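Here is a friendly walk through one structure for anyone meeting it fresh. Have a look at the sequence and the 3D view, then read on.

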Amino acid sequence: MRRAGVVVAGVAAGGLLLSGCSPAQLSLVGVWLDADGRPMARVRPCDDDQSGSVTLRAYPDDRNGGRGRRGHQAANGWSAPAMPALADTTFPLFTPPDSWHPDTVGPQRMLSGATYHLKFTAYEHEDFVDYVGEVTFTDENLAALKDGEVWADGRAMSEDDFDELVGDAC
C-alpha cells in the first residue's frame, strides 16, 4: 500500500512539473478584412512585455482532419525574429512592418482551404517565454465577418469585445 502511495505522489508531482513548462496560450491577436477586402492583423502584447518572435503560417486543410497541421511545411506566411519591444500593432496580414525584418515563405496572399496560425511569443525575462499570443483562422472565417468584427479566440466578435478579451487576458 505504501508503494502505491509513493507511485501516486510521484505521478502527481511529475504531472505538475511538466504542466508548468508550457507558456500560457492567450487570445491577444485578432484578424479581419478591411474595407477593400485585404486581411489585417492586430497583435496586442500585455504591458511592456518583450517579444521573442512573430510568425504567420498556413497549412493545407487536407491534413489533420481539415484543421491544418502545425509542424509540417508551411504553404505560405512569414516569420520575424526577436524584437526588443513589440507594441500594440495593426498591419496588413501579409505585409508585417519592415522593422520586423520578416522572412517570407510562398505567395503572400490568402490561400483557399488553408488554416492560418498567427502568433507571437512574449517574455519578461530573457530565458523564459511567459505566454504566446495567437489566433488560428481560415479564409472562410474572415469572409464570414460582418463590418466591424474581428476573428479572435476561435470566434467572431466586435472590436470592443476583442479589446475586453485582451484586457481580461493581461
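Two strands pair if DSSP finds at least two bridges between them. Helices (H or I, at least four residues) and strands (E, at least two) are themselves DSSP runs, numbered from the N terminus. A quick word on the ground rules: this is a predicted model, in which local features need pLDDT of at least 70, side-chain atom pairs count only at pLDDT 80 or more, and totals for chains, interfaces and linings use all residues. Residues are numbered from 1 along each chain as its sequence is written, and side-chain values use heavy atoms, with hydrogens and water left out.

**Strands 8 and 9**

Let's start with strand 8 and strand 9, which pair in the antiparallel sense over 8 bridges. Within that pairing, T115 stands opposite T138 in strand 9, and H117 stands opposite T136. Strand 8 also has strand 4 (residues 50–60) as a partner: 10 bridges join them, and they run antiparallel. One place to spot this is T55, whose bridge partner in strand 8 is K119. Strand 9, for its part, is joined to strand 1 (residues 24–26) by 3 bridges, and those two run parallel. There, L26 has G133 in strand 9 as its bridge partner.

Here is how the pairings look side by side.

| Strands | Direction | Bridges |
|---|---|---|
| Strand 8 and strand 9 | antiparallel | 8 bridges |
| Strand 4 and strand 8 | antiparallel | 10 bridges |
| Strand 1 and strand 9 | parallel | 3 bridges |

How many residues of strand 8 are buried? Buried means under 20% relative accessible area, exposed means over 50%, and partly exposed is in between (1.4 Å probe, protein chains only). By that yardstick, 9 of the 10 residues of strand 8 are buried, so the strand is largely enclosed by the rest of the structure. Strand 9 gets a similar verdict: 7 of its 8 residues are buried, so strand 9 is also largely enclosed by the rest of the structure.

**Rings that meet**

Next up, the aromatic rings. Rings of Phe, Tyr and Trp (its six-membered ring) pair if their centres lie within 6.5 Å; planes under 30 degrees apart count as stacked, over 60 as edge-to-face and the rest as tilted. The structure holds 6 aromatic pairs. One of them is W78 with F91, an edge-to-face pair at 6.0 Å centre to centre, with 70° between the planes. This pair links distant parts of the chain, with W78 in strand 5 (residues 76–80) and F91 in strand 6 (residues 89–92), 13 residues apart. W78 is buried at a relative accessible area of 0%, and F91 counts as buried at 3%. Another pair is Y116 with F137: the ring centres are 5.5 Å apart and the planes sit at 15°, so this one is stacked. Y116 belongs to strand 8 (residues 114–123) and F137 to strand 9 (residues 131–138), 21 residues apart, so to speak of distant parts of the chain being linked fits here too. Both Y116 and F137 are buried. Back at W78 and F91, there is a third member to add: together with W100 they form one aromatic cluster.

**A buried asparagine**

Strand 5 is also home to N76. N76 is buried, with a relative accessible area of 0%. The N76 side chain reaches the backbone oxygen of P107 at 2.8 Å, which is a polar contact (N or O atoms within 3.5 Å; within protein, one must be able to donate a hydrogen and the other to accept it, and residues adjacent in sequence count only if both atoms are side-chain atoms). Leaving aside residues up to four places away in sequence, N76 touches several others, among them L56, F94, V105 and Y116; contact here means heavy atoms within 4.5 Å.

**The sulfur link**

A disulfide is a covalent bond between the sulfur atoms of two cysteines. Here the test is a pair of cysteine sulfur atoms within 2.5 Å, and the count comes to 1 disulfide. C46 and C170 form it, with their sulfur atoms 1.9 Å apart. The link is left-handed, with -85° about the S-S bond. C46 lies in the loop between strand 3 (39–43) and strand 4, and C170 in the segment after helix 3 (159–169), so the pair ties together parts that are 124 residues apart in sequence. C46 counts as buried at 5% relative accessibility, whereas C170 is partly exposed at 44%.
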